[in-house]
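Reader: I would like to go through this model claim by claim. For each label, tell me what it rests on.

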There are 2 protein chains.
Amino acid sequence: MLMNAKSNCSTCVMGQFCLPHALTNEELDRVGELVKNRTKLKKNDRLYQHGEKMSAIYNIRFGSLKSEYSTEDGQRQVVGFHLPGDMVGLDSLDNNIYQTTAIAMEDSEACIIKFDEFESLSHQIPSMAKHLQRNLSREIGKAYHHVLSLGNDKAQEKLAYFILDLSDRKSFRGSNGLEFELKMGRDEIASFLGMEIETVSRTLTKLIKAELIEVSYRHLKIINMSGLRTLSP
Amino acid sequence: MLMNAKSNCSTCVMGQFCLPHALTNEELDRVGELVKNRTKLKKNDRLYQHGEKMSAIYNIRFGSLKSEYSTEDGQRQVVGFHLPGDMVGLDSLDNNIYQTTAIAMEDSEACIIKFDEFESLSHQIPSMAKHLQRNLSREIGKAYHHVLSLGNDKAQEKLAYFILDLSDRKSFRGSNGLEFELKMGRDEIASFLGMEIETVSRTLTKLIKAELIEVSYRHLKIINMSGLRTLSP
DNA sequence: CGAGCGTTTGAAATCGGTCAACAGCAGTGG
DNA sequence: CCACTGCTGTTGACCGATTTCAAACGCTCG
């Protein structure tokens, strides 16, 4: 985990997805002060680990990560996939211990937001505190939706939900939401959706035969978006 | 939904579960100002509803509520059960719209925390903002755990998790965690755990035959706590 | 005390899990 | 550059847990 690359929030292309809107230039500079460093991650590197003392929260700059929730007895579950602009580490603010482990699925980079400095900055720039609050609340909503999907949906619907969610988030960030590379393996999709690897594979072929998507290895193309949407609300 | 009963945080018995620790008397009085009103709910009354504009967050004073997450197409899922001391409505802070509906499972009462007033108070008493932040983060952790359970566990384990969680929370609040009334129906347990009513019923009888619990209608008694714990980690 | 809802129980059907074998892409080293 | 090896993903057959459909039971409330 290398620290380097002085950050500069005011010129960062992720700014619009990462920072609260309508910061003054002066505020931007102060935020830039706060986010002094970034960290580069190679595939499979951990950004933080379950059980560790929290020191910072992070903003993904590029690449993609997964977060895994785990219990003492070794049960593990992928609870989220993260794309550039996503804020991660938010599950640690309750007791200052990370509840999940964040692992890079490809070479990635994240901005480090030292938390004690963040807190003091929040007092000066209230919109930063509000921004964090919003992210926390949004994460709750996402988790509820995940619970809904795991609790109600059949394999097909869960997979459709997964694909559409990914597609939406890619589009939102300005990349192609209709054709992209899956950075996660079938095992990680399976864990995320609460099913087995083989079921993921079989269900993908079902969706292919239904001419909703095309898949070759980890390359995915959406053929019939509305068809997919009728599967996952 | 009746407004009445001037609140008084400084003498409220829920204080220890509800407010941040170590508030000065003067701060307590200011918080009391904020929480001017409570609302009484009869069974099945809604505290707030999915899609509504957020005006306040709430703290349960007595009784018990469930929150239901729902999608446009009518899928619904119970995402949480709430006991006295719990803060609810936290899923609304992202876009000021409630994402869930909170429904009383018995006659209940909640303190109303008008959100705009809360925000201005937060500036004066930073520990209040921090307290909210912690609650938000804890809710994320709880949701992740729920996802883990739905994704990995078989019916028995899910039910054990449900019972133990309820038991722990009752104990924490000083009531009897070994023998209590379930305020929710089998249908609500089923929704929460992502299974069917009949499976809940059958699985309960399994746990009874295994001499882990006794159940009669909605009265539940834990016979073998450690046995239950071996089922749910 | 009776009506009605909530709960339990039974039997049959189904979806997904498990076990096992195979295919295919990728990265290594000759 | 190609062959070998290993990891990742696919496919098939079988099995089991949960769902589904159906009916009976038993609280609880009016």
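Reader: Which helices supply the surface near DNA strand C?
Author: This is a predicted model. Helix H7 (197-209) of chain A and helix H7 (197-209) of chain B each supply at least two residues of that surface. H7(B) has the largest share, with five residues.

Reader: Which residues come nearest to DNA strand C?
Author: There are 16 residues around DNA strand C. A:Ala155, A:Thr199, A:Arg202, B:Arg186 and B:Thr205 come nearest. By class, the surface near DNA strand C has four nonpolar, four polar and eight charged residues.

Reader: What makes A:Glu198 a polar contact of DNA strand C?
Author: A polar side-chain atom of A:Glu198 lies 3.2 Å from a base nitrogen of DNA strand C. The cut-off for a pair of N or O atoms is 3.5 Å, so the pair counts as a polar contact.

Reader: Which parts of DNA strand C do A:Thr199 and A:Arg202 reach with polar side-chain atoms?
Author: For A:Thr199, the partner is a phosphate oxygen, at 2.6 Å. For A:Arg202, the partner is a base oxygen, at 2.7 Å. Of the atoms of DNA strand C within 4 Å of the protein, 64% belong to sugar or phosphate and the rest to bases.

Reader: Which residues are closest to DNA strand D?
Author: DNA strand D is surrounded by 18 residues. The closest are A:Arg202, A:Thr205, B:Ala155, B:Thr199 and B:Arg202. Sugar and phosphate make up 65% of the atoms of DNA strand D that come within 4 Å of the protein.

Reader: Which helix gives the most to the surface near DNA strand D?
Author: H7(A) does, with five residues. H7 of chain A and H7 of chain B each supply at least two residues there. The classes on this surface are five nonpolar, five polar and eight charged residues.

Reader: How do you know that B:Glu198 and B:Arg202 make polar contacts with DNA strand D?
Author: An N or O atom in the side chain of B:Glu198 is 3.2 Å from a base nitrogen of DNA strand D. A polar side-chain atom of B:Arg202 lies 2.8 Å from a base oxygen of that strand. The limit is 3.5 Å, so both pairs qualify. A:Ser201 has a phosphate oxygen of DNA strand D as its partner, 2.9 Å from a polar side-chain atom.

Reader: How many residues of chain B are in contact with chain A?
Author: In chain B, 40 residues are in contact with 40 residues of chain A. The area buried between the two chains is about 3800 Å², and carbon and sulfur atoms give 62% of that area. B:Asp94, B:Tyr144 and B:Val147 lose the most area on the chain B side, together 18% of what that side buries.

Reader: Why is the pair of B:Arg138 and A:Asp94 called a salt bridge?
Author: Their side chains meet at 3.1 Å, N to O. The rule asks for an Arg or Lys side-chain nitrogen within 4 Å of a carboxyl oxygen of Asp or Glu, so the pair passes. Across the interface of chain B and chain A, the rule finds four salt bridges. The count of residue pairs in polar contact between these chains is 16.

Reader: Which element gives the most to the side of chain B that touches chain A?
Author: H4(B) does, with 20 residues. By class, that side of chain B has 15 nonpolar, 14 polar and eleven charged residues.

Reader: Why is the pair of A:Tyr144 and B:Tyr69 called edge-to-face?
Author: The structure holds 16 aromatic pairs over all chains. For A:Tyr144 and B:Tyr69, the ring centres are 6.2 Å apart and the planes stand at 65 degrees. The centres must lie within 6.5 Å and the planes over 60 degrees apart, so the pair is edge-to-face. A:Tyr144 lies in helix H4 of chain A and B:Tyr69 in strand E5 of chain B, so the pair joins two chains.

Reader: What makes B:Arg173 and B:Arg169 a polar contact?
Author: The side chain of B:Arg173 reaches the backbone oxygen of B:Arg169 at 3.0 Å. The cut-off is 3.5 Å, so the pair counts. B:Arg173 is in the loop between helix H5 (155-172) and strand E10 (179-181) of chain B. Among the residues B:Arg173 touches are B:Phe17, B:Leu83 and B:Pro84.

Terms used. Residues are numbered from 1 along each chain as its sequence is written. Chains are lettered from A and ligands numbered from 1 in the order in which they are written. This is a predicted model: local features need pLDDT of at least 70, side-chain atom pairs count only at pLDDT 80 or more; totals for chains, interfaces and linings use all residues. Side-chain values use heavy atoms; hydrogens and water are left out. Contact means heavy atoms within 4.5 Å. Buried area is the accessible area (1.4 Å probe) that two parts lose on being put together, summed over both. A polar contact is a pair of N or O atoms within 3.5 Å; within protein, one must be able to donate a hydrogen and the other to accept it, and residues adjacent in sequence count only if both atoms are side-chain atoms. Helices (H or I, at least four residues) and strands (E, at least two) are DSSP runs, numbered from the N terminus. Ala, Val, Leu, Ile, Met, Phe, Trp, Tyr, Cys and Pro count as nonpolar, Asp, Glu, Lys and Arg as charged, and the others, Gly among them, as polar. A residue is near a molecule or strand if one of its heavy atoms lies within 4 Å of it. Rings of Phe, Tyr and Trp (its six-membered ring) pair if their centres lie within 6.5 Å; planes under 30 degrees apart count as stacked, over 60 as edge-to-face and the rest as tilted. Lists of a residue's contacts leave out its neighbours within four places in sequence.
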